Every structure is written in structure tokens, then in C-alpha cells.
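Visitor: I should like to learn how the terms used for a protein model are justified. May we look at one together?

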Amino acid sequence: MVKPVTYEAGGFTHLAYLARPAGNAPAPGLIVIHENKGLQPHIQDIARRLAKAGYIAMAPDLVSNIGGTQQYIDTAQISSSLAQTSGDEHITHLKAALAVLKMQPGVRKLGAVGFCFGGG
């Protein structure tokens, strides 16, 4: 099952993409941190593939505060916004996403994986 997720934290609505494996068995939860181009279809596909491998994967959109990745055609605007946001603010956003993931039914352990910007 895949679905968009929204949650309130830090004074604005955060956007994320959640992918779950089939069935209701407990599974490890993973935060999938996107590249410097935002929550693109490629990162959503990674979350889906992780779900097929047995993880509950959530990919937060770290540009939710400017309307989310889907609002921008020019990925340079996304990269610029990410670069102008402090590391502390990114950590705050990721902690909020982690709290939402932790509340998902069946999540038994937590982990993270990141790509490019998200790897940092």
C-alpha cells in the first residue's frame, strides 16, 4: 500500500510518501531522505521497493515549508531552498517524520537511508 501522508509540525503541514508491505505483519520502519531535488518519483519508487522488501518506508518532503516538491518544475529552486534551510531545521523536520513513522501500525524498529543530499 502506498499513500501520501500529511502531518503538522513546526508550524506548517509536512508532506510525505508512505509505502507499506502487503499484510499486517510487524516490520522495520525506514525514513527515506531524498536528494537535493526534493521528493521526486525516483525516491517514491525507492520507498515502494523497500516496502516490497518488507519495510514500512516513509519519504518526507523536506521542502514542505515552501509548498512541497510538486509545486516546482525547476529543481534548482528546490535545491536552493534546501541549501538555505539550516541543518538544525532539517533535523527538526526529520525528527517529526520519524515520530509519525514510529506511530504507524506495525513499526517495530527504526532506521534511515539517504541519497545525495539525504546521505549527508
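Guide: Let us begin with a definition: a residue is called exposed when its relative accessible area is over 50%, buried when it is under 20%, and partly exposed in between. Please note that this is a predicted model.

Visitor: Which residues of helix H1 are exposed?

Guide: Pro41 and Lys52 are exposed, and they lie on the other side of H1 from its buried residues. The buried residues are Ile43, Gln44, Ile46, Ala47, Leu50 and Ala51.

Visitor: How do you know that these buried residues are on the same side of H1?

Guide: The arc that they cover around the axis is only 155 degrees, which puts them on the same side of H1. In general, an α-helix has 3.6 residues a turn, so residues three or four places apart point the same way.

Visitor: What do the buried residues of H1 pack against?

Guide: They pack against strands S2 (12–19), S3 (27–33), S4 (56–61) and S5 (107–114).

Visitor: How do you know that the span of H1 agrees with its number of residues?

Guide: H1 has 12 residues, 41–52, and at 1.5 Å a residue it should span 16 Å. Its end C-alpha atoms are 16 Å apart, so the two values agree.

Visitor: Why is Gly114 called partly exposed?

Guide: Its relative accessibility is 26%. Partly exposed covers values between the limits of 20% and 50%, and Gly114 therefore counts as partly exposed. Gly114 is in strand S5, and apart from neighbours within four places in sequence it is in contact with Ile33 and Gly119.

Visitor: What puts the buried residues of helix H2 on the same side?

Guide: Those residues are Ile78, Ser79, Ser81 and Leu82. They cover an arc of only 160 degrees around the axis, which puts them on the same side of H2. The face turned away from that buried side carries the exposed residues Ala83 and Gln84. Helix H3 (87–102) is included in what covers the buried residues of H2.

Visitor: Which residues have the most contacts inside the largest nonpolar core?

Guide: This core has 19 residues, and those with the most contacts inside it are Val5, Tyr7, Leu18, Ile31, Ile56, Met58 and Leu101. The elements that give two or more residues to it are strand S1 (2–9), S2, S3, S4, H2 and H3. H3 gives the most, with five residues. In soluble globular proteins, nonpolar side chains tend to be buried together.

Technical notes. Residues numbered from 1 in each chain as written. Predicted model: local features only at pLDDT ≥ 70, side-chain atom pairs only at ≥ 80, totals over all residues. Heavy atoms only, no water. Helix = DSSP H or I, 4+ residues; strand = E, 2+ residues; numbered from the N terminus. Expected span 1.5 Å × (residues − 1). Buried < 20%, exposed > 50% of the residue type's maximum accessible area, 1.4 Å probe, protein only. Arc of directions from axis to C-beta. Contact = heavy atoms within 4.5 Å. Core = buried A, V, L, I, M, F, W, Y, C linked by side-chain atoms within 4.5 Å.
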